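Reader: I have a new structure to look at and no idea where to begin. Could you walk me through it?
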Amino acid sequence: MAKLYFRYGAMNSGKSTAMLQAAYNYEERGQQVLLAKPSVDTRGDNGIVSRLGVTRPVDFVILPSDDVYAKFGRERSRVLRRTGVDVSCLLLDEAQFLSEPQVDDLLRIAIQEGVPVLAYGIRTDFQTVAFPGSRRLLEIAHSLEELKTICRCGRKAIFNTRKIDGQFVFDGDQVAIDTSRSSAGEVSYESLCGACYLEESHGQLGGGRRRVLVEPAEIVYGSAPDPDFT
Ligand SMILES: [Zn+2]
């Protein structure tokens with residue numbers, strides 16, 4: 001049975017690179033794949049942008065109103081007509097930007113169409129709140145796999161912090177694409193561990209909806225190696 005996979009990680013955990021490698025692994029065996037991403041991600045026009053510098057155009061872009069199940073079916077037919085080979089896998093970058101019904105479509109593609117779906121994305125936004133697409137993927141994916149990246153302190157980064165002109169910000173819209181210049185300034189992101197996040201946010205989680213009583217002096221870093229990297 002084909003499955004829906006969610007491979008999640010913080011920013012800079014190499015998701016796009018891993019996805020392009022997965023596509024290559026299929027193609028090396030003479031198989032066909034389809035690559036897609038939500039239109040919300042405007043980086044690299046209609047391409048997958050890996051931080052190692054590799055780019056590759058997607059086969060289709062998903063608009064917020066799209067029926068992903070139907071769109072996949074049309075693209076699959078197109079590949080079959082052109083190459084005579086059926087699609088072996090659907091790969092999605094920036095899957096956090098999908099809507100919940102679109103993630104349900106991914107499950108249907110795996111179960112009803114028998115095509116494995118590999119969705120790559122970020123679990124939470126800069127306020128530690130799940131993106132709608134990620135929440136749904138965490139709920140229904142057959143398989144969850146974490147792609148790890150490292151915090152400035154050497155521990156595993158689990159949160160994404162937003163910076164505007166290099167300064168940490170903890171309020172704002174859920175989506176602000178890096179490399180874009182908002183009216184407020186240049187947007188960038190840094191992945192941090194829980195301790196470093198709380199230090200920078202002064203104990204604020206969930207965009208101020210929740211406050212964890214943590215004083216910077218109370219954060220215990222310890223000296224033992226991070227079990228996630230041993
Ligand atoms: Zn840290």
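Author: Start at the end of one helix: H3 is followed by Gly114, whose phi is positive, near 70 degrees. Helices (H or I, at least four residues) and strands (E, at least two) are DSSP runs, numbered from the N terminus.

Reader: Before we go on, what sort of model is this, and how are residues numbered?
Author: This is a predicted model, where local features need pLDDT of at least 70 and side-chain atom pairs count only at pLDDT 80 or more, while totals for chains, interfaces and linings use all residues. Residues are numbered from 1 along each chain, as its sequence is written.

Reader: Back to H3. How many residues does H3 have, and how far does H3 reach?
Author: H3 has 14 residues and reaches 19 Å from its first C-alpha to its last. That is close to the 20 Å expected at 1.5 Å a residue; the expected span is 1.5 Å times one less than the number of residues.

Reader: Which residues of H3 are buried?
Author: Gln102, Val103, Asp105, Leu106, Ile109 and Ala110. A residue is buried if 20 or more other C-beta atoms lie within 10 Å of its own, exposed if 12 or fewer, and partly exposed in between, with C-beta atoms placed from the backbone.

Reader: And what do they pack against?
Author: The buried residues of H3 pack against strands E1 (4-8), E5 (60-62), E6 and E7 (117-121), and against helices H2 and H4 (132-140). Contact here means that the C-beta atoms of two residues, placed from the backbone, lie within 7 Å.

Reader: How do H2 and H3 sit together, angle and distance?
Author: H2 (residues 68-83) and H3 (residues 100-113) pack at about 45 degrees, with their axes 8 Å apart. That makes H2 oblique to H3. Angles under 35 degrees count as roughly parallel, over 145 as roughly antiparallel, 65 to 115 as roughly perpendicular and the rest as oblique. The axes are lines fitted to C-alpha atoms, for helices over the stretch in contact, and angles run from 0 to 180 degrees between N-to-C directions.

Reader: Which residues meet there?
Author: From H2, Val68, Tyr69 and Phe72; from H3, Gln102, Asp105, Leu106, Arg108 and Ile109.

Reader: New topic. How many residues are in the largest nonpolar core?
Author: The largest nonpolar core has 47 residues. Such a core is a set of buried Ala, Val, Leu, Ile, Met, Phe, Trp, Tyr and Cys residues joined through C-beta atoms within 7 Å. Those with the most contacts inside it are Leu90, Leu91, Leu106, Val117, Leu118 and Ala119. The largest share of this core, 5 residues, comes from strand E6 (residues 87-92).

Reader: Take Val117. What does Val117 touch?
Author: Leu4, Tyr5, Leu90, Leu106, Ile109 and Ala110, not counting residues up to four places away in sequence.

Reader: Is Tyr5 buried or exposed?
Author: Tyr5 counts as buried, because 21 C-beta neighbours lie inside 10 Å. Tyr5 lies in strand E1, and its contacts include Val117, Leu118, His142 and Glu145.

Reader: Which other spots have a positive phi?
Author: Asp165 has one of about 50 degrees and His202 one of about 55 degrees, although neither is a glycine. Most residues other than glycine have a negative phi.

Reader: Where is Asp165 found?
Author: In the loop between strand E9 (159-164) and strand E10 (167-169). Asp165 is exposed, with 12 other C-beta atoms within 10 Å.

Reader: And where is His202?
Author: In the loop between helix H5 (194-201) and strand E13 (204-205). His202 is exposed, with 12 other C-beta atoms within 10 Å.
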